[in-house]
Structures are given as structure tokens and as C-alpha cells.
Amino acid sequence: MVKMTKSKTFQAYLPNCHRTYSCIHCRAHLANHDELISKSFQGSQGRAYLFNSVVNVGCGPAEERVLLTGLHAVADIYCENCKTTLGWKYEHAFESSQKYKEGKFIIELAHMIKDNGW
């Protein structure tokens with residue numbers, strides 16, 4: 001679904017009745033609050049949130065990185081509207097205790113704001 005808002009075109013527009021997170025740079029919706037898993041993550045630029053699913057993001061190629069919790073295959077994610085890098089997607093966790101992160105998304109607080117009903 002494509003919806004025009006404030007003269008910007010987004011691929012997905014989350015309903016106004018839900019608390020959402022948006023790109024701080026262009027206000028494109030990124031995630032519904034119901035998709036938030038944890039607020040206790042660290043990104044490359046500070047604190048970050050872990051989400052089950054996100055919208056309006058593109059995904060780069062996966063690469064192996066050693067993060068605070070060990071070796072992971074991750075792919076940088078970026079805002080489809082303004083192309084700002086937001087965080088990453090966990091493609092593969094090499095340690096069994098970290099498998100819950102696979103397919104999940106990290107968005108750094110420096111790149112998102114709270115919208116709708118906060």
C-alpha cells in the first residue's frame with residue numbers, strides 16, 4: 001500500500017491508532033510499538049531497539065561482524081525514503097544462545113522518533 005503524507009511517498013503507512021516509530025530524518029514509518037522486543041541493545045552509534053518486524057526499510061548485503069554478543073551475519077538496513085542507514089538485520093547467529101535474534105532488526109535511537117499517541 002502506498003500512501004501520500006506530507007508530500008512524501010512511503011511503501012507502508014502504519015495506522016494512526018497505534019504507537020509507532022519513525023525515521024527522525026524524513027518521518028517515514030519504521031515500526032509499530034507492538035513489534036518491539038527489547039530496548040536493551042547497543043548499536044554502532046549508541047542505544048538501539050530490537051524489533052520483530054519493520055517497514056519502509058531496505059537491506060544491504062549480509063556480512064560477518066563480531067558484535068558485543070559474538071559473531072553474527074548482519075545486513076545493514078536503511079530508510080527507503082531518505083536512504084539513511086538505521087541499523088541492521090540479524091541474518092545468522094553463530095552461537096546457539098543468540099539464535100533468537102535471527103530475522104530481527106536493530107534500529108538505533110539516533111535515527112528514530114516516537115510518533116502517534118505517545
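Here is a short walk through this structure, from a small sheet to a group of rings and then to a pocket. Keep in mind as you look that this is a predicted model.

Let's begin with the sheet. Strands in a sheet pair through backbone hydrogen bonds, and the pairing can be parallel or antiparallel. Here, three strands make an open sheet in the order S4-S3-S11, and their pairing is antiparallel. Two of them are edge strands, S4 (29–32) and S11 (112–115), and each of these pairs on one side only. From one strand to the next, the twist averages 30°. To see the pairing up close, find strand S3, residues 20–23, which is joined to S4 in the antiparallel sense over three bridges. Look there for Ser 22, which stands opposite His 29 in S4.

Now for the rings. How many aromatic pairs does a search of the whole structure find? There are four. In one of them, Tyr 21 and Tyr 49 meet edge-to-face, with 5.9 Å from centre to centre and 90° between the planes. This pair links distant parts of the chain: Tyr 21 belongs to strand S3 and Tyr 49 to strand S6 (residues 46–51), 28 residues apart. Tyr 49 also pairs with Phe 51; these ring centres are 6.4 Å apart and the planes lie at 50°, so this pair is tilted. Together, Tyr 21, Tyr 49 and Phe 51 form one aromatic cluster.

Are these three rings buried or exposed? A residue counts as buried when its relative accessible area is under 20%. Tyr 21 has a relative accessibility of 1%, so Tyr 21 is buried. Tyr 49, with a relative accessible area of 7%, is buried too. Phe 51 is at 0%, and therefore also counts as buried.

Finally, let's turn to empty space. Rolling a probe the size of a water molecule over the atoms shows where such space is left. The largest pocket in this model has a volume of about 290 Å³. Its lining is made of 19 residues, and those nearest the centre are Gln 42, Gly 43, Ser 44, Leu 67 and Trp 88. Which strands each supply at least two residues of this lining? They are S5 (36–43), S7 (57–67), S9 (85–93) and S10 (105–108). S9 gives the most, with four residues. Sorted by class, the lining of the largest pocket holds seven nonpolar, eight polar and four charged residues.

Note on methods: Residues numbered from 1 in each chain as written. Predicted model: local features only at pLDDT ≥ 70, side-chain atom pairs only at ≥ 80, totals over all residues. Heavy atoms only, no water. 1 Å grid on protein atoms, 1.4 Å probe; cavity = no way out; pocket = protein on both sides within 12 Å on 5 of 7 lines; lining within 4 Å. Points joined across faces, edges and corners; volume = space filled by probe spheres on them. Nonpolar A, V, L, I, M, F, W, Y, C, P; charged D, E, K, R; others polar. Pairing = 2+ DSSP bridges. Axes fitted to C-alpha atoms, helices over the stretch in contact; angles between N-to-C directions. Phe/Tyr/Trp six-rings, centres within 6.5 Å; stacked < 30°, edge-to-face > 60°. Buried < 20%, exposed > 50% of the residue type's maximum accessible area, 1.4 Å probe, protein only.
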